[in-house]
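Visitor: I am new to this structure and would be grateful for a close look at one part of it. Please explain how the packing there is described, and then set it beside the rest.

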Amino acid sequence: MSDGLDGVDDFGVNPFEETLPDTPLEEVPPEPIRNIEPEIAPKPIEEERPLAPGLLNYYSRYFQLTTADFRKRVLGSLSLRNEASPPDLYGPLWITATVVMSRFLGSGLFTLCIDGVFGGISTEVKDSSRQSWKLVHSAWLFYAYTLLTPFIAQKLLATNFIPLVSTYGYSNVTWIAGCLLLSVVDEFRRLGKNFVITIIEWVIVSLIALKRSYSLYNELEAGRKSLPLLVVDVAFCVAAKILLF
Amino acid sequence: MSYYQNPKGSSGFYQPSSQFAFPQGSMSFQGASSTSANGADSLGISPDPLPSGLFNALSTKGYPHEPPLLEEIGINFAHVITKTRIVCNPVSSRNILSDEILGDSDLAGPLIFFLLFGLFLLLAGKVHFGYIYGVALFGTVSLHNLSKFMGNNESGSPAKLQFFNTASVLGYCFLPLCFLSLIGVFLSLDNTLGYALGAIFVAWSTWSSSAFFNSLLQLHDARALIAYPLLIFYTVFALMAIFV
């Protein structure tokens, strides 16, 4: 019966006893050890390849900014000075969303303040289908302009796309103030002086277009090459006035 | 199935003998040869029988070694309560946000809160379940992608934020808006008081959720940036409760 220890105590000679061989041992050429794969030198660690612009994660770097950076850029886009800042996509995305929201909520907010809070009159939601229509138009108009115009500018000026989107996105800050101001002015239509109100609105839109053109001219740094883009921008401001106000 | 039907176990993968096998619940394979006629295994130990009777059949009782049902389906009431408390008291919760809470992706609480919100609106005469689900889904997907982009990672790659983490945080921080819709059952919110309450509850939700995301994404000086999209997200629900 096997005890599971076969071969343990089957030594013919004491393996620990030192003995000299009678005949010299023949030199046996060392045989290569089989079934053991030769050691392969470890491959050098490959450097991480940069992400291609077609991948979504590529744009992650343009969303990593601090509140201070963002504030600085927003204030810079409101001022007339040209301050160079690293481009980002957070601003273009959310500033444009704010423009759309300020157009949608602005008029209702001022009506609410004047009638509901100060006047104590129960306010009803203005023509909701008209409001929804303006919301849809402001969304497609502002987002399409902010994202598509940089394509044209890229071809025209032979520069990178992302900085152009950033520039156009931050230039929309002017429209936030503009939308709120136009909403306030629009409330005075109830006084019955439509002609005067319309002129004031066109003046405000002209000022917005002027400010945007000046900022874009400075930030694009392309001299006369940027003139067609400025014409397109003025046309955009006129379209926004006609469609939204 | 042929592996399981082989009585000798001579082919297929290794199966330990029954005395060394780890109990695997009621669905585990019990070899016919390992148990005797009276149900005892080779060690003479009979498994605990399932409790019989109609009430036991309808209850969640099972074998003693089985995990509880809530654990099996991933609902941890302790976490639900802890996260709810943190949302209810966002000012003093700054130091309580442990990794365990932050990494939790429980969706039971959010589901309850969204259903409660819809139910309270329903009691106020507004049927908006479709809007709630739609806005919640679209908003969660958008905010998840934005949060991943904004996640500050030293390697430069986006943060390893799971979608259900984002959904859980957004859902738990939705609780204050449930209070708003509850008030809307008894009072009309389409007045100055309603607007003020709406603003307060939206700010509450935004504050709580931005604190969660700030810790989760380890943002540095970017809490206001993540708070702004969250503010818009919760504002949509408040508008739904007040105006629609």
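Guide: The account below takes up helix packing first, then the chain interface and the salt bridges.

The model is predicted, so local features require a pLDDT of at least 70 and side-chain atom pairs a pLDDT of 80 or more, whereas totals for chains, interfaces and linings use all residues. Residues are numbered from 1 along each chain as its sequence is written, chains are lettered from A and ligands numbered from 1 in the order in which they are written, and side-chain values use heavy atoms, with hydrogens and water left out.

Helices here are DSSP runs of H or I with at least four residues, numbered from the N terminus. In chain B, helix α9 (residues 175-186) packs against helix α10 (residues 192-216) at an angle of about 160°, their axes lying 8 Å apart. Each axis is a line fitted to C-alpha atoms over the stretch in contact, and angles between N-to-C directions run from 0 to 180 degrees. α9(B) and α10(B) are therefore roughly antiparallel, the word for angles over 145 degrees; under 35 is roughly parallel, 65 to 115 roughly perpendicular, and the rest oblique. The crossing of α9(B) and α10(B) is right-handed, meaning that the near helix is turned clockwise from the far one by less than a right angle.

On the α9(B) side, the contact (heavy atoms within 4.5 Å) involves B:Pro176, B:Leu177, B:Phe179, B:Leu180 and B:Ile183. Their partners in α10(B) are B:Leu197, B:Gly198, B:Phe201, B:Val202, B:Trp204 and B:Ser205. This contact of α9(B) with α10(B) has nine nonpolar, two polar and no charged residues, where Ala, Val, Leu, Ile, Met, Phe, Trp, Tyr, Cys and Pro count as nonpolar, Asp, Glu, Lys and Arg as charged, and the others, Gly among them, as polar.

Another pair in chain B is helix α7 (residues 129-150) and helix α8 (residues 163-172), whose axes come within 9 Å and cross at roughly 120°. That angle makes α7(B) oblique to α8(B). Their crossing is right-handed.

Beyond these helices, 21 residues of chain A are in contact with 22 residues of chain B. About 1,800 Å² is buried between chain A and chain B, 66% of it from carbon and sulfur atoms; buried area is the accessible area (1.4 Å probe) lost by two parts on being put together, summed over both. Zero salt bridges (a side-chain nitrogen of Lys or Arg within 4 Å of a carboxyl oxygen of Asp or Glu) are found across this interface, while the whole structure has three over all chains.

Technical notes
Helices (H or I, at least four residues) and strands (E, at least two) are DSSP runs, numbered from the N terminus.
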